[in-house]
Amino acid sequence: MAALCRSVRAFNINNAFAALNKPASLMTRCRGLQTSSASLRAHDSDDEDRGKGWFSRLRKTAQPEQSHSMALSSKETVYEIQFHAVKPEYMEEYINQFSTFQQLMKEKDTGAELVGSFTVEIGDQDEAVHLWSYSGGYPVLNKANTIYRTDADFLEFRKKRNMMLRSRRNQILLAFSFWPPIQPREPSHIYELRTYTLKPGTMYEWGNCWIKGLQYRKTDRNEPVAGLFSQIGEQYTVHHIWAYKDLQTRKETREAAWNRPGWDECVSYTVPLIRHMKSRILIPTPFSPLQ
């Protein structure tokens, strides 16, 4: 073994001296390596500008000097989204009871306003989704919750409702300032609720990209309904709501977006920010302001 090691070292040393006897060739190769390294650095720089550099520039130049929620939205209005998993045999009764409940919320001056009320057509079956707004922010939300917890009519409603449910959950949300305001819609539409769970710390990148992305998705049919992000509940959650005439219109609208310059970039930049995503197709209840 020792003899073998000495032979290898001798071979390497002899090759090194042989290379030194060819200075022109060695210098040429060194210059070639330097040129290749410079080219690689330039190529890497171009790649960064086209790819990773977008996120790098965004983080360096676009981060606000305030909280992301304040930079992306106003807290003058907060929203609540409710997900109710209904026992199948109670769905019709549940809808009737909820119609009475939302009317009581108006009559008792809670400050809560029903924005949209739906049942899930495609997604988690036997699920109801309700979206409420509280103009005036958290003080109005607190007032509504106090009335809801203490008023005798609401106590009776909850007893009946809870018997009809398998589970329920909610989130408190803010609206992205660059989305159009939520407005009531005349019949008839289906609605798509697209829910994205983002990686922590990426909400601002998401907002910056969708400022442009929303422009790429605009058509004369006015599909965008709401863009919301969570404040209390499951964090780093984004909800986009879109309105379509039917599923075929949804298909055609989404396919047409890929023919508009910039939409593909919006998708490629936002996909790496997503941990999980979910889509539901919703049907408005008879009393929903969004029809």
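Guide: A disulfide is here a pair of cysteine sulfur atoms within 2.5 Å. The structure is a predicted model, in which local features need pLDDT of at least 70 and side-chain atom pairs count only at pLDDT 80 or more, while totals for chains, interfaces and linings use all residues. Residues are numbered from 1 along each chain as its sequence is written, and side-chain values use heavy atoms, with hydrogens and water left out.

Visitor: How many disulfides does a search of the whole structure find?

Guide: The sulfur of C266 lies 3.7 Å from the closest cysteine sulfur, in C209, which is too far for a bond. C209 is likewise in no disulfide. For the whole structure, the search gives a count of 0.

Visitor: Is C209 buried or exposed?

Guide: Buried means under 20% relative accessible area, exposed over 50%, and partly exposed in between (1.4 Å probe, protein chains only). C266, at 3% relative accessibility, counts as buried. Because its relative accessibility is 6%, C209 counts as buried.

Visitor: Which residue stands opposite F118 in β3?

Guide: Helices (H or I, at least four residues) and strands (E, at least two) are DSSP runs, numbered from the N terminus, and two strands pair if DSSP finds at least two bridges between them. Strand β2 (residues 112–122) pairs with β3 in the antiparallel sense over 7 bridges, and the two form a hairpin with 4 residues between them. The partner of F118 in β3 is V129.

Visitor: Why is strand β3 largely enclosed by the rest of the structure?

Guide: Strand β1 (residues 77–86) runs antiparallel to β3 and is joined to it by 9 bridges, with I81 opposite L131. Strand β3 (residues 127–135) is largely enclosed because its buried residues number 8 of the 9.

Visitor: Which helix contributes the largest share of the largest nonpolar core?

Guide: A nonpolar core is a set of buried Ala, Val, Leu, Ile, Met, Phe, Trp, Tyr and Cys residues joined through side-chain atoms within 4.5 Å. The largest has 50 residues, and those touching the most other members include Y94, W132 and F176. Its largest share, 7 residues, comes from residues 91–107, helix α5.

Visitor: How far from R158 is the nearest side chain of opposite charge?

Guide: Lys and Arg count as positive and Asp and Glu as negative; His and the chain ends are not counted. A salt bridge is a side-chain nitrogen of Lys or Arg within 4 Å of a carboxyl oxygen of Asp or Glu. R158, in helix α7 (residues 152–164), is buried yet has no salt bridge. The nearest side chain of opposite charge is that of D151, at 8.3 Å.
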